[in-house]
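Work through the exercises below with the sequence and the structure side by side, and try each task before you read its solution.

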Amino acid sequence: MYNSPSAVDLSKPITLRKLKNMRDQGEKITMLTCYDASFAALMDAAGVDCLLVGDSLGMVIQGNDDTLPVTIEDMIYHTRIVANIVKRAWVIADMPFGSYTSKVDAFENAKKLMQAGAKMVKVEGGEWLLPIVKFLTERGIPVCAHLGLTPQSVHQIGGYRIQAKDADDQAKLLKDAQDLEAAGATMLVLELMPSAPAQQVTDALQIPTIGIGAGNDTSGQVLVIYDIINLYPGKKARFVKNYLAGKDNISDAIADYVIEVKSGAFPGAEHSYE
């Protein structure tokens with residue numbers, strides 16, 4: 001039973017091989033968004049496995065209504081300052097809206113993020129992305145795919161709504177996930193969907209799946225750091241938990257998040273959709 005951050009080996013950097021082994025051995029993968037050096041140091045020390053430099057910074061840092069205004073220059077800047085401090089965690093950088101609409105643009109922008117210190121880039125979308133994922137991975141750039149609710153398409157899909165609710169959508173989700181894996185993606189984020197289709201995808205793939213509002217049967221979990229410390233204003237999503245409640249400091253909140261994800265205590269039924 002995982003019950004302490006001391007159970008994490010902080011001396012060895014996380015690699016893709018390590019993440020795959022964790023998935024295969026049933027050890028839950030922990031991930032949090034991270035946008036600066038101070039939080040990066042706290043998360044690294046607490047044993048968070050993956051830090052996602054998310055385009056969510058457009059909302060929680062820049063104050064925008066959505067992620068669409070975020071630029072590649074924004075992502076390079078925040079990726080560099082996170083990567084500068086990290087010793088152990090696997091650093092993933094979001095490719096922002098409009099930065100990967102062609103193979104050439106995708107490679108040039110992904111290259112800049114990798115040169116800034118990212119170990120992997122994340123892209124949102126299904127079938128249309130397959131040639132781009134293949135193009136990037138063939139050129140040595142690890143790719144994390146993202147299905148379900150894709151915030152960069154929020155206006156097209158009609159807002160922040162639960163995805164994959166019916167059989168047709170669930171079949172498409174599964175096919176897209178399998179095709180993305182075949183194209184070379186080595187991680188997959190599943191956002192805002194019932195637990196059952198997320199589990200089906202997880203069971204069908206050989207790569208780690210990371211859930212956010214997708215139940216407890218994925219290979220790991222991700223949340224926005226400002227949500228788990230109750231800093232971001234406004235109504236919180238069902239899948240969010242305030243880990244700062246009852247704690248003396250942010251370090252303890254992050255450590256508790258790691259403990260609960262690793263042990264399987266989070267997310268509970270109250271944080272999931274059926």
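The exercises that follow go from the sheet to one loop residue and then to the spaces in the protein.

This is a predicted model, in which local features need pLDDT of at least 70, side-chain atom pairs count only at pLDDT 80 or more, and totals for chains, interfaces and linings use all residues. Residues are numbered from 1 along each chain as its sequence is written, and side-chain values use heavy atoms, with hydrogens and water left out.

**Exercise 1. The barrel**

Task: Find the order in which the strands close into a barrel, and describe how they pair.

Solution. Step one is to fix the terms: helices (H or I, at least four residues) and strands (E, at least two) are DSSP runs numbered from the N terminus, and two strands pair if DSSP finds at least two bridges between them. Step two is to follow the strands round, and this gives eight of them in the order β1-β2-β3-β4-β5-β6-β7-β8, closed into a barrel with parallel pairing. Neighbouring strands of this sheet are turned against each other by 25° on average, with direction ignored, where axes are lines fitted to C-alpha atoms, for helices over the stretch in contact, and angles run from 0 to 180 degrees between N-to-C directions. Step three is to look at single pairs: β2 (residues 50-53) is joined to β3 (residues 90-94) by four bridges, and Leu52 stands opposite Ile92 in β3. The barrel is also closed by β1 (residues 29-33) and β8, which pair in the parallel sense over four bridges, with Gly220 in β8 as the bridge partner of Ile29.

**Exercise 2. Strand β8 and the loop before it**

Task: Decide whether Ser219 is buried or exposed, and find its contacts.

Solution. Ser219 lies in the loop between β7 (209-212) and β8. Ser219 counts as buried because its relative accessibility is 9%, and buried means under 20% relative accessible area, exposed over 50% and partly exposed in between (1.4 Å probe, protein chains only). Leaving aside neighbours within four places in sequence, its contacts (heavy atoms within 4.5 Å) include Arg23, Glu27, Ile29 and Thr209. In β8 itself, Gly220 and Val222 point one way while Gln221 and Leu223 point the other way, and all are buried. In a regular strand the side chains alternate between the two faces of the sheet.

**Exercise 3. Pocket and cavity**

Task: State how much space lies in the largest pocket and in the largest cavity, and which residues line them.

Solution. On a 1 Å grid over the protein atoms alone, a cavity is a set of points where a 1.4 Å probe fits but cannot get out, and a pocket is an open set with protein on both sides within 12 Å along at least five of seven lines, while lining residues have an atom within 4 Å of a point. Grid points are joined across faces, edges and corners, and a volume is the space filled by probe spheres set on the points. The largest pocket holds about 750 Å³ of space. Of its 33 lining residues, Tyr160, Glu191, Val224, Asp227 and Phe239 are the closest to its centre. The largest cavity holds about 40 Å³, and among the residues that line this cavity are Gly211, Gln221, Phe239 and His271. The largest share of the cavity lining, three residues, comes from β8.
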